[in-house]
Amino acid sequence: QVQLAESGGDLVQPGGSLSLSCAAAGNIDSIYVMTWYRQAPGKQRELVARVDSGGTTTYADFVKGRFTISRDNAKNTASLRMNNLKPEDTAVYYCHAHCVIPIIGETDYWGQGTQVTVSA
């Protein structure tokens, strides 16, 4: 069993910054890809940024130049640094991990989400 725990969500003013963290715990052989998604009220969940085990990153167009994803493979953690936040960034942010688990093999896990609210 693998658990993903997100932290760092908060209320921030437009133009402000926030850092989210995701920690994976459990019997993990490796994590191929760690991804941040978000879901705003009434909208579908959307990909924000992802990073693979080699450090290659992918960003949604709406966060390019403002958000930075990083990971620590040794600690099974991923972070999302968010700068110049806008009201439209308000959403629940979810961490997702594509893992290799003993016996089971490749599988996917989601965190419970952390609320980010951007408002004056």
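This passage describes the salt bridges of a predicted model and two asparagine residues with an unusual sign of phi for a residue other than glycine.

The salt bridges are considered first. In the predicted model, the count comes to 4 salt bridges. Four residues, Arg38, Glu46, Arg66 and Asp89, are joined in a network of such contacts. One contact of this network pairs Glu46 with Arg38, and their closest N and O atoms are 2.8 Å apart. The two partners differ in their accessibility class. Glu46 has a relative accessible area of 31% and is therefore partly exposed, whereas Arg38 has a relative accessibility of 6% and so counts as buried.

Arg38 also takes part in a salt bridge with Asp89, in which the distance from N to O is 2.9 Å. Arg38 belongs to strand β4, which spans residues 30-39, while Asp89 is placed in the loop between β8 and β9; the pair therefore ties together parts of the chain that are 51 residues apart in sequence. Asp89 has a relative accessible area of 0%, a value under the 20% limit, and is therefore buried.

Asp89 has a further partner in Arg66, with the closest N and O atoms of this salt bridge lying 2.7 Å apart. This contact likewise links distant parts of the chain, since Arg66 is in the loop between β6 (57-59) and β7, Asp89 is in the loop between β8 and β9, and 23 residues separate them. Arg66 and Asp89 are both buried. Within the network, Arg38 thus contacts both Glu46 and Asp89, and Asp89 in turn contacts Arg66.

The backbone of two asparagine residues was examined next. Asn76 has a positive phi of about 55°, although this residue is not a glycine. Asn76 is situated in the loop that connects β7 (67-72) with β8 (77-82). The relative accessibility of Asn76 is 19%, which falls under the 20% limit, so this residue counts as buried.

A positive phi, of about 50°, is also found at Asn84, which is again not a glycine. Asn84 lies in the loop between β8 and β9 (91-101), the loop that also holds Asp89 of the salt-bridge network. With a relative accessibility of 42%, a value between the limits of 20% and 50%, Asn84 counts as partly exposed. The two asparagines thus fall into separate accessibility classes, because Asn76 is buried and Asn84 is partly exposed.

Terms used
Residues numbered from 1 in each chain as written. Predicted model: local features only at pLDDT ≥ 70, side-chain atom pairs only at ≥ 80, totals over all residues. Heavy atoms only, no water. Helix = DSSP H or I, 4+ residues; strand = E, 2+ residues; numbered from the N terminus. Buried < 20%, exposed > 50% of the residue type's maximum accessible area, 1.4 Å probe, protein only. Salt bridge = Lys/Arg side-chain N within 4 Å of Asp/Glu carboxyl O.
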